[in-house]
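Thank you all for making time this morning. I would like to walk you slowly through one structure, and I will try to name each part again as we reach it.

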Amino acid sequence: MLFLGCIKEVSDYDLAISLPNGLSGFVPVTQISDAYSKLLTKQVAQGELLEELNPLPDMFSPGTLVRCIVTSIEKSDDGRRSVKLSIDPKKVNKGLNSTALAAGMLLSGSVLSVEDHGYLIDIGVTGTHAFLPHQKAKNYIKAVKKGPDLKIGQNLNCLIVEVKNEGRVVCLSIDRSEVAASIATERQNWALSNLLPGLVVKARVQKVAPLGMKLTFLSYFTGIVDFMHMDPEKSMSYSPDQVVKACVLSVHPTSRAVRLTLRPPFLHPGGAPHQLPSQHMGAVLEEATVKAFYKQFGAVFELDDGTLAFARLKHLSKTRKSFKPGAFKEGCKHKCRIIDYSLMDEMCIVSLKHQIIEARFLQYQDIHTGDVVQGKVLSLKPIGMQVKVAEGIRGLVPSLHLSDVILKQPEKKYNIGDELKCRVLECNPGGKKLILTLKKSLVQSKLPVLSNYEDAKPGLITHGFVVCAREFGCIVKFYNDVKGLVPKNELGSEPISCPEKVFYEGQVLKVMVLKCEPQQERLLLSFRLSSRPGPEDKWKCTPKEKQEVKYQIGEIVNVKILKKKDNGLEVSILEDEDNVVAWIPMLHLSDFVATSKHLWHCLREGDVLPRVMYLSDKGEHIILSRKSALISAVQEKQVVRSFSEIQPGMLLTGYVRNVMPFGVFVEFPFGVTGLAPKVSMSDKFVTDTKDHFVVGQTVIAKVMSIDEEKQRVLLNLKVSECSSGDSAAESFALLNQYFKELKEFRDMLRRGEPSICELVPGKKVHLVVQDVREDGSAVFSGGSVAGLTVTATRYHLGEKNIAPGEKRKALVLHVDAVTSEVYVSLREELLKQ
């Protein structure tokens, strides 16, 4: 079947074509012309780019009208049909022969070769040589602006100016004014076997019906104009015997049905239909008015700006059963969303379906790199998994990104139809390319998304994945194909001699940007996040060179808080006349990570902290610690001052420096660091190292082995291996220390929020019901809990039905001083105790 179509999108591999009545199809790169296909074959055979072979975007522009023929209709796995087309003149003009050619005919041609005086054109007619002189092409070339010459394979609207030697030689013109003035006439001897779409004819109205009109043209042809192709300005004023100008839209070879359009942009050959501004695509319209309803096709709506829109029958309701024809009487208003624009009908295509109106994505342009999207598994292939993100939007999860670790048998983990949460690694709307990742650490990451080199500022910490580990270091990739190098000396706090044994392809790690050169697309990275502070972490501190080092590691000092920062405290050492500035990281305020956060919350600028230990002076800063376990270890000399003092079997107190997927790095006072591999981390089976340890946690580690040559220490963190013998006494001492710090925290809290200190678990209070939430929980207020958020879950309301304003007696279950939240219970069995 022959169609007049309009180019919608151009990619390197195909042309997306808008067809009449909201249909669409595509022309593969192999269906442009014979000459173009030969060049493609030659390029593939030679394996190098040919100068005379131009990519499709250099020859075709969106909005251009082309004649095409349907070559096949393919059905995809999910039942969607795709129409495959060809614009090859040999197929489009196959009904023509050299004897049928006549001056004034308008037909499709394709550039065959560039000659001295013009161009040889392939018009698909065997035994005919078609020539286009330079003179007849120069105005067209100037207007199209695709270069100084026409290119091999370029599709043209050609007007036959002269026919010589009984059709064996024809002279052509593509001059825009000559083409636009051409009208098909009886003298050109058109027959039904060779009638072409795109011809403009004078036609006579034979019959007017509700769904369209019947016309006669070129003496004995009849054709149909449907409701979408009447001139919107005159649609109500057509009458039998009226003479109108029309353009052939499609020709069906077997049924001999011809469809025409009366829309103004098509009534001059070479015209271009109106385009929809891109910002309107996907717009939700609150009120679209029904203009006409056609029970077999759909409804035409008038939008706020007066333009027309069409909704197919299946887009008017969720299911066929829920469809109510009565809701689509003329004048009824409906909420809808623009889902497409049909260039050939000059109409927006809309949908009234609720799930489409609410949909987050409608086209590839709506998706951005770094977005977290919901997808449905369509298929599993060796290169990866195909995922449906939305109607008409598909993405690929490469094999490397199916999981945090490489999956040998992904079909055991994923099934077709599974709903998954993915993250967009790369999105190229032009090429309809969407690359996704299922790596949990990337999908759940709260760190910034690095998708271009300009954003890679020194100090930025983000997640990336290893693509290659070699003796020189690791190549790490981010979003949009941004990649950088982690050199060998930046792989970890300890020297790593064989990076390929420690890191694996696809491994997700936190990295810090050290240096970036956006123009050269060069990026230098580090895995040593704590080795140097990022711009946010910097605190003003006298550089080490400028201050005389007066303190020894292990020395106890008193300090005054100068400034509170998100990750610690800037302090001055009180005993020092020079006001030496030092830093206490938040996680060094206590042996217990939770207590560290509580203490940081309560401390104020100007407070004095007694008994703080000088821990290290690495880099520019003096680091202090308040961890009592570390202080005791140093004072009781249960420490090692250098690598040479370490012996296998030693028990050492330290703190977690870094948690990696392969193990935990532990640092001890005086700067010695060791690694506890995954197998020696816990008495339980370890799947994810992050579930067992957090950075800053105080630990007791047992030395398993030492490698003097590589200066490496291997540790064991299993509780069963790390006890000195009297585990009951150790546990009691730890518990005692915890309660001591908890009391200190409560004393500090008393000065800032005295009311919260009076609320201890087990205390009974009188409260007033403020609100009952949808989930069944309730919120309370009262004099004793002023300024606090007091909540009881549905379970803790017991069997009682409560209403706002009622007074109730409650029992305090838990108090969170940091967030000022109190949890209570109204259950009788607890209140009676």
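What follows is a tour of some strands, some cores and a few single residues.

Please keep in mind from the start that this is a predicted model.

Let me begin with what a record says about the chain. In UniProt, an unreviewed entry carries the annotation "domain: S1 motif", and that annotation covers residues 1–88, 104–175, 198–263, 370–439, 459–528, 554–627 and 649–718. I will take up two of these stretches. Over residues 104–175, the chain is 47% strand and 10% helix, and the C-alpha atoms at the two ends are 13 Å apart. Over residues 459–528, the chain is 50% strand and 6% helix, with the end C-alpha atoms 11 Å apart.

Before we look at how strands pair, here is one point of background: the strands of a sheet pair through backbone hydrogen bonds, and they can do so either parallel or antiparallel.

Let us go into residues 104–175 with that in mind. Strand β6, which is residues 106–114, pairs with strand β9, residues 155–164, in the antiparallel sense and over five bridges. If you put your finger on L106, you will find that the bridge partner of L106 in β9 is L159. Strand β9 also pairs with strand β10, residues 169–173, again antiparallel and over five bridges, and here the bridge partner of I160 is L172 in β10. Between β9 and β10 there is a hairpin with four residues between the strands, and in that hairpin N165 takes a positive phi near 50°.

Now move along to residues 459–528. Strand β26, residues 461–470, is joined by five bridges to strand β29, residues 508–517, and the two run antiparallel; within this pair, H463 stands opposite K510 of β29. Five bridges also join β29 to strand β30, residues 522–526, and these two run antiparallel as well, with E517 standing opposite R522 of β30. The hairpin of β29 and β30 has four residues between the strands, and E521 in that hairpin takes a positive phi near 55°.

Next come the barrels. In which order do the five strands that include β16 close into a barrel? The order is β16-β17-β18-β20-β19, and the pairing is mixed. From one strand to the next, the twist averages 50°. Within this barrel, strand β17, residues 298–302, runs antiparallel to strand β18, residues 308–312, and five bridges join them; A299 has A311 of β18 as its bridge partner.

A closed barrel of five strands also runs β41-β42-β43-β45-β44, and here too the pairing is described as mixed. The twist from one strand to the next averages 50°. In this barrel you can look at a parallel pair, since strand β43, residues 789–792, and strand β45, residues 821–825, run parallel and are joined by three bridges. The bridge partner of V790 in β45 is V822.

Let me turn from strands to side chains. In soluble globular proteins, nonpolar side chains tend to be buried together. The largest nonpolar core here has 50 residues, and I121, L150 and L215 touch the most other members. Taking L150 as our example, and not counting residues up to four places away in sequence, L150 touches V111, V114, Y119, L132, A137, Y140, I141, L156 and I174. Apart from this core lies another, of 27 residues, which includes L249, L285, M344 and L352.

I would like to finish with three single residues. Is N716 buried or exposed? N716 counts as buried because its relative accessible area is 9%, which is under the 20% cut-off for that word. N716 sits in strand β40, residues 712–716, and its side chain reaches the backbone nitrogen of K718 at 2.8 Å. Leaving aside residues up to four places away in sequence, N716 touches S680, I700, A701, K702, M704, E721 and C722.

The other two residues are in loops. D241 lies in the loop between β13 and β14, and its phi is near 75°, a positive value in a residue other than glycine. With a relative accessibility of 55%, D241 counts as exposed. R256 lies in the loop between β14 and β15, and the phi of R256 is near 60°, again positive in a residue other than glycine. At 47% relative accessibility, R256 counts as partly exposed.

Notes. Residues are numbered from 1 along each chain as its sequence is written. This is a predicted model: local features need pLDDT of at least 70, side-chain atom pairs count only at pLDDT 80 or more; totals for chains, interfaces and linings use all residues. Side-chain values use heavy atoms; hydrogens and water are left out. Two strands pair if DSSP finds at least two bridges between them. Axes are lines fitted to C-alpha atoms, for helices over the stretch in contact, and angles run from 0 to 180 degrees between N-to-C directions. UniProt positions are given in the numbering used here, feature names are shortened, and annotations may be inferred rather than shown by experiment. A nonpolar core is a set of buried Ala, Val, Leu, Ile, Met, Phe, Trp, Tyr and Cys residues joined through side-chain atoms within 4.5 Å. Buried means under 20% relative accessible area, exposed over 50%, partly exposed in between (1.4 Å probe, protein chains only). Contact means heavy atoms within 4.5 Å. A polar contact is a pair of N or O atoms within 3.5 Å; within protein, one must be able to donate a hydrogen and the other to accept it, and residues adjacent in sequence count only if both atoms are side-chain atoms.
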